[in-house]
Amino acid sequence: MTALPPFQTVLDEHSAAVMGILRGAVGHEGAEDCFQETFLAALRAYPKLEDSRNLRGWLLTIAHRKAIDHHRARGRNPVPVAEVAEVAVEDGNPERDEELWAAVGALPPKQRAAVALRYGSDLPHGEIAAALGCSPEAARRSLHEGLKRLRKELA
Amino acid sequence: MSTKTPMTDSALEVFKARAAEEGLLDVAYATADSPFGPLLLAQTRRGLVRVGLPGQNSDELLADLAERVSPRVLEAPGALDDVRRELDLYFDGKLDSFDLPLDWQLSGGFRQQVLRAINRIPYGQTRSYTEMARKAGNERAVRAAGTACGSNPIPLVVPCHRVLRTGGALGGYAGGLPMKEALLQLEGVLDESPAS
């Protein structure tokens, strides 16, 4: 087993990425709350964590759950996700991530949610549609529009 | 980190305050200035558990705390205000006895006995390693007493700098001999130009 680093190191290395993804998923307003909930849950579970090799994937999985809780608590579009994907999100370049998620945060709500759920949380199209309370076709369209806009924005 | 925005910083502050409230902050640490360079201070809910001297590797000390005490290690400067204040007074020559709760968990058995004995050496006085071995209950374990002294996790506050070789030679110090000399000068034990 690899020794767990001090939790401060986890914060230093991943807090910006978590905040970026939460902003994309729930918007600036809700992101701070979700951020607290994410890191408190992580800190609670941390000493029992058995594998310290993919801390970012672990944190993003928790952040994803907190974003769903947030949407659920808001009472809009309950999210019937049977099972949260435990797959790790690939590590990218954090600075590039920040820029990207900032652009995602600037998208109109439906597009933003579709992009965040697809790429931040790895949800399949069917579940995105369920989360957004629209048809799979509409979810696909929101995602498509969102991506088109991002490509233009970040080109 | 350069990518951190002000909002993330405030979110971090709130997170740490809530972690402390929920009893999730097992090891709080901070750095403090000293005349010898930066110190690393770490405490548990029981008390001060580790002082890192200038020149000691902070990352290694924190990794060691994560492994031996708890991985819930967070930087929390406010939590160490009392320790920082007493150390400042000590370095100014205005404090001759620390009044801080200590957490001895990093030292077990005989070592802890030696360190507790060292903790009772009054300001401005010195003892020999042999005396410390005797006080800890085993006069013949002089070498073990020396090792305990050298592995003191809470230097300065637990004053291992007050332990010298029989005959008065300085022995060793984790912060380097010049620092040990300077501390003994501060406490008036050594003249400004000590014979070493």
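"Buried" here means under 20% relative accessible area. Keep that cut-off in mind for the views below, which all come from a predicted model.

**View 1. A:His14, a residue tucked into chain A.**
With a relative accessibility of 9%, A:His14 falls under the 20% cut-off, so this residue counts as buried. You'll find A:His14 in helix α1 of chain A, which runs over residues 7-45. Who are its neighbours? Leaving out residues up to four places away in sequence, A:His14 touches A:Phe39, A:Leu55, A:Arg56 and A:Leu59.

**View 2. A:Ala63 and its contacts.**
Now hop over to helix α2 of chain A (residues 55-73), where A:Ala63 sits. Its relative accessible area is just 1%, so A:Ala63 is buried too. If you skip residues up to four places away in sequence, A:Ala63 touches A:Val18, A:Leu22 and A:Thr38. Try finding A:Met19 as well: A:Ala63 and A:Met19 are 44 residues apart in sequence, and their C-alpha atoms are 8.9 Å apart in space.

**View 3. A:Phe7 and A:Tyr46, ring against ring.**
A pair of aromatic rings is described by the distance of the centres and the angle of the planes. Over all chains, the count comes to 10 aromatic pairs. One of them is A:Phe7 with A:Tyr46, an edge-to-face pair with 4.9 Å from centre to centre and 70° between the planes. This pair links distant parts of the chain, 39 residues apart: A:Phe7 belongs to helix α1 of chain A, while A:Tyr46 lies in the loop between α1 and α2 of chain A. Are these two buried or exposed? Both A:Phe7 and A:Tyr46 are buried.

**View 4. B:Tyr90 and B:Phe98, a tilted pair.**
Here the ring centres of B:Tyr90 and B:Phe98 are 5.3 Å apart and the planes meet at 45°, so the pair is called tilted. B:Tyr90 and B:Phe98 are both buried.

**View 5. An aromatic cluster with members from chains A and B.**
Which rings join up in this one cluster? They are A:Phe7, A:Phe35, A:Phe39, A:Tyr46, A:Trp58 and, from chain B, B:Phe15. You've already met A:Phe39 as a contact of A:His14, and A:Phe7 and A:Tyr46 as an edge-to-face pair.

**View 6. The open sheet of chain B.**
Four strands make up this open sheet, in the order β3-β2-β1-β4, and the pairing is mixed. At the edges are β3 (48-52) and β4 (73-75) of chain B, each pairing on one side only. On average, neighbouring strands are turned by 25° against each other, direction ignored. Helix α3 of chain B (residues 81-91) packs on the sheet and touches β1, β2 and β3; its direction makes about 140° with that of β2(B). Zoom in on β1 (residues 27-32) and β2 (residues 39-43) of chain B, and you'll see them pair in the antiparallel sense over 5 bridges. In one of these strands, β2(B), B:Leu39 is the bridge partner of B:Ala32.

**View 7. Chain B, zoomed back out.**
How many helices and strands does chain B have? The tally is 7 helices and 6 strands, and along the sequence they follow the pattern α-β-β-β-α-β-α-α-β-α-α-β-α. A compact globule of 196 residues would have a radius of gyration near 16 Å, and the 18 Å of chain B agrees with that. Along its principal axes, the C-alpha trace of chain B spans about 60 × 35 × 25 Å. Buried residues make up 48% of the 196 residues in chain B.

Technical notes: Residues numbered from 1 in each chain as written. Chains lettered and ligands numbered in written order. Predicted model: local features only at pLDDT ≥ 70, side-chain atom pairs only at ≥ 80, totals over all residues. Heavy atoms only, no water. Pairing = 2+ DSSP bridges. Helix = DSSP H or I, 4+ residues; strand = E, 2+ residues; numbered from the N terminus. Axes fitted to C-alpha atoms, helices over the stretch in contact; angles between N-to-C directions. Contact = heavy atoms within 4.5 Å. Buried < 20%, exposed > 50% of the residue type's maximum accessible area, 1.4 Å probe, protein only. Rg over C-alpha atoms; globule rule 2.2 N^0.38 Å. Phe/Tyr/Trp six-rings, centres within 6.5 Å; stacked < 30°, edge-to-face > 60°.
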